[in-house]
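Hello,

Here is the structure I promised to send over. Have a look at it first, and then read on for what turned up.

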Amino acid sequence: MRIVPARDGGLARLRLVGGELSAHAARAVAHAARTCGSGVIEVTNRANLQLRGIRDDAHATLVEIACDAGLGPAAASGDDIRNVMLSPLASERTRALAARIVEALQADAALHALSPKFALQLDGGERLAMLGHPHDLWLAAIDDGARYAFGLAGTMPRSAADAPASGAIARGDVVAFVTTVLRRFLALATPEEHRMRDLLARVGVAHFLDALNFDTDVTHWRRAPADASLRLGAHEEPQRATWYAGAQTPLGRLDAATLDALADLADSFAARHGDGRLVMTPWQSVLLPGIGAHNARAAREALQRLRALGLATDPHDPFARLIACAGSAGCAKSRADTKADAHRLAPLLPAHDAANVHLSGCERSCAAAHPVAVTLLARAPGHYDLYRGERIVACNLTIEEAAERLARSHADA
Ligand code: SF4
């Protein structure tokens, strides 16, 4: 299990397959955060969890708690390879396939040499899915799940302008195909090439695909649009005849007491009492799935309880629209305290604007792997350059000046 040093102590990453966390495991994570670290828990933009402020003398205890809760890897060196992103609404069928992929990757010791950042996506065509994160290898269900289209070093094509899928394979061949692709990557990549895009820039896609068997009749396939707003609010899960309630953690953070309370909520609203689970999402939010059969009222009640815990449930809530990296309190590279500045910016954001705003302490943009409408890139403590997409529109603004700028452009729009 990876515990890396950060400005505020050890940073422990807990990988959740498909973002899923049982209520029991959530309580164990809350306990670990309290006893081994500062109590701060983060939901990452890969739907994993991070615990901050882990003391040097608490690493072994943390690993023991996580493993006892079923959150450890099958092989000690296979922790990082569990990077398979799913939709938070992935079906049991998709989750079962992802579990088989993760199992095969962990069982193949040669693949443990992959970079911790090497990332896979398995898409079942769900209406809520993160389509903006590039992945080293993505696979998307087509033909009612009988086959999977795939692509390398990018995102699924959504419009005619996007690069098409590289090919397709039968569902039964997915696990073997994934391991073959990753082994080929390791065989061809130089020690400096950690990601698929690095390798393809040198050898080209055609050469990489040369040695693989797949169908090529998917150049016209495009991924149907998804709706990120479905991560918030109460919605039906039609294929399961249940409901879910979704809410945003403010700036991706929870404290241990809130995670305990979420676990209690998951248990009390689960269709079978005590069988609760949470699903973390790549928007750093959380879903309470499996709420009683056809029970919209229970889902709305769950939503109220999530609001009472301080989570945002409306897409217009400032904390549903703001993301910020660890900032100077947690990262030595940061030029500003982005989290504290985001808290100052929240009440100043124009109401009824749905544009997302990202505060980044440096150019690495850890908090946003997907394009964000507005970025405030730190220059110095409390001062930011304002970008719309990739275009810089103002320099060296205070938080109040940035808020004024955003309000003005919202009024002009
Ligand atoms: S974006 Fe930069 S400052 Fe922020 S956490 Fe990442 S490396 Fe640190």
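Two strands count as paired if DSSP finds at least two bridges between them. Please keep in mind that this is a predicted model.

With that in hand, let's begin at strand 7. Strand 7 and strand 8 (residues 135-142) run parallel and are joined over four bridges; one contact to look for is Asp-123, whose bridge partner in strand 8 is Ala-140. Strand 7 also pairs with strand 6 (residues 84-85), again in the parallel sense, over two bridges. There, Val-84 stands opposite Leu-120. Strand 6, helix 3 and strand 7 together make a β-α-β unit, and its hand is left.

What covers the strand's faces is worth a look too. In a regular strand the side chains alternate between the two faces of the sheet. In strand 7, Leu-120 and Leu-122 are buried on one side, and Gln-121 and Asp-123 are buried on the other.

Now to the rings. The structure holds four aromatic pairs. In one of them, Phe-118 and Phe-185 are tilted at 55° between the planes, with 4.9 Å centre to centre. This pair links distant parts of the chain, 67 residues apart: Phe-118 lies in the loop between helix 3 (92-107) and strand 7 (120-123), while Phe-185 belongs to helix 4 (residues 174-188). Phe-118 is buried at 3% relative accessible area, and Phe-185 is buried at 2%.

Elsewhere, ring pairs join Phe-150, Phe-177 and Phe-214 into a cluster. Finally, the charged end of Arg-184 sits over the ring of Phe-208, 5.6 Å from its centre.

Best wishes

How values were computed
Residues are numbered from 1 along each chain as its sequence is written. This is a predicted model: local features need pLDDT of at least 70, side-chain atom pairs count only at pLDDT 80 or more; totals for chains, interfaces and linings use all residues. Side-chain values use heavy atoms; hydrogens and water are left out. Rings of Phe, Tyr and Trp (its six-membered ring) pair if their centres lie within 6.5 Å; planes under 30 degrees apart count as stacked, over 60 as edge-to-face and the rest as tilted. Buried means under 20% relative accessible area, exposed over 50%, partly exposed in between (1.4 Å probe, protein chains only). A charge sits over a ring if NZ of Lys or CZ of Arg is within 6 Å of the ring centre and within 35 degrees of the ring normal. A crossover is right-handed if, with the strands pointing away from the viewer, the path from the first strand over the helix to the second runs clockwise.
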